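Please load the model in a viewer and keep the selection panel at hand. The tour below proceeds from one selection to the next.

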Amino acid sequence: MADAATGIAATVETNGSAGNTAQYVFGTAFQREDERLSLGERLWDPGTISRLSTLGIGPGSRCLEVGAGRGSIAAWMAERGAAVTAVDIDTSRLDRLRGLGVAVCQVDVRTGALPVAAYDVVHARLVVQHLGDRAAAVRALCAALRPGGHLVLEDTDTASLFSHAAGPFHPEVKRAAYAVMVESGYHPRCGLLDVDLVTAAGLSDVRADGRAEVVRGGTPESRWFALWLEHLRPAMLAAVKESSVSEMDIDRAVADLADPRHTWLSQVMVTVIGRKDVQ
Ligand SMILES: C[S@@+](CC[C@H](N)C(=O)[O-])C[C@H]1O[C@@H](n2cnc3c(N)ncnc32)[C@H](O)[C@@H]1O
């Protein structure tokens, strides 16, 4: 049954799975996932907020934050006076949002349970890149927009990751980590793909830009990359392909990520913004 306040029916099966669709690669019992998500917010929120700030979010706006994670962007929208709904397949990290008046719903966006023509802004960061049927998911996010509303998709292009002045930085470990993610339905060039997905879904005035961060070893931002490897470590070690990496390879990469003598480039975060036509 749909929630009276949000019009959204919870769509996550009680065991946390979504039928026969692929499992979210980071949906594991990794003990430090909250810390990893918090470091990701620290790295990416300033750029996200500067882009969302162009859309006039404020009192009277209705916003949907998709795959809200720990909820920093939903909280920012609510603090500006918007009516905000935050959805995620796992809402265990979103309790603090309720105190800000945000409606929190456990939803698997692949199941198409979002209300139609309900929001002025729909935002999803680092979410669509994990979904198997990305085109269907983007169509569902577009359908949730009111006429005149904006979809803001943010996903990464991974080509630049671990670019280093001395040459590629732990390329085998990077390759092994992404191989695990691709097995779960992840697309490593999704940031660029989003431009086509948003255009194909029929939105107008589609614009896109990208930002890469310069990260120094030993900083809080660098720990986001180290915890990415730690989260994927068991799956990387379990992979049976020839290109698999050893425990020692991953240890070396994690140690270098903590070393201030190393500086590298992040992935490029691509932001795509499109507007739904007023009929
Ligand atoms: C990499 S995290 C990004 C979190 C947040 N958007 C951010 O940028 O800080 C991806 C989020 O999407 C959620 N997610 C993954 N698959 C989902 C699905 N099918 N439906 C809804 N949420 C999903 C995860 O639970 C997680 O919170």
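Which residue in E7 is the bridge partner of alanine 208? Select alanine 208 together with strand E7: the partner there is valine 272. The model in view is a predicted one.

**Strand E7 and its two neighbours**

Extend the selection to residues 263-275, which make up strand E7. This strand is mostly covered, with ten of its 13 residues buried.

Add strand E6, residues 204-216, to the view. E6 and E7 run antiparallel and are joined by ten bridges. Besides the pair formed by alanine 208 and valine 272, a further one can be displayed here: valine 268 in E7 stands opposite alanine 212.

Next, select strand E5, residues 145-157. Its pairing with E7 is likewise in the antiparallel sense, and it extends over eight bridges. To locate one bridge, highlight histidine 150, whose partner in E7 is arginine 275.

**The whole sheet**

Now show every strand of the sheet. Seven strands make up this open sheet, and their order is E3-E2-E1-E4-E5-E7-E6. The pairing within the sheet is mixed. At the edges stand E3 (103-106) and E6; each has a single partner strand, so one side of each lacks a neighbour in the sheet. From one strand to the next, the twist averages 15 degrees. As background, the strands of a sheet pair through backbone hydrogen bonds, in either a parallel or an antiparallel manner.

**Helices H1 and H2**

Hide the strands and select helix H1, residues 33-52, with helix H2, residues 72-79. Two packed helices are described by the angle between their axes and by the distance between those axes. Here the axes of H1 and H2 come within 10 Å and cross at roughly 40 degrees. An angle from 35 up to 65 degrees counts as oblique, and H1 and H2 are therefore oblique to each other. The crossing of these two helices is right-handed.

**The ligand shell**

Keep H1 displayed and centre the view on the ligand. Which helix gives the most to the shell around the ligand? Helix H1 does, with three residues.

Finally, select the residues around the ligand, of which there are 19. Those that come nearest are Gly67, Gly69, Ile89, Arg125 and Leu126. Colouring the shell by class shows nine nonpolar, four polar and six charged residues.

Definitions and conventions:
Residues numbered from 1 in each chain as written. Predicted model: local features only at pLDDT ≥ 70, side-chain atom pairs only at ≥ 80, totals over all residues. Buried ≥ 20, exposed ≤ 12 C-beta atoms within 10 Å, placed from the backbone. Helix = DSSP H or I, 4+ residues; strand = E, 2+ residues; numbered from the N terminus. Pairing = 2+ DSSP bridges. Near = placed C-beta within 6 Å. Nonpolar A, V, L, I, M, F, W, Y, C, P; charged D, E, K, R; others polar. Axes fitted to C-alpha atoms, helices over the stretch in contact; angles between N-to-C directions. Parallel < 35°, antiparallel > 145°, perpendicular 65-115°, else oblique. Left-handed = near helix turned anticlockwise from the far one by under 90°.
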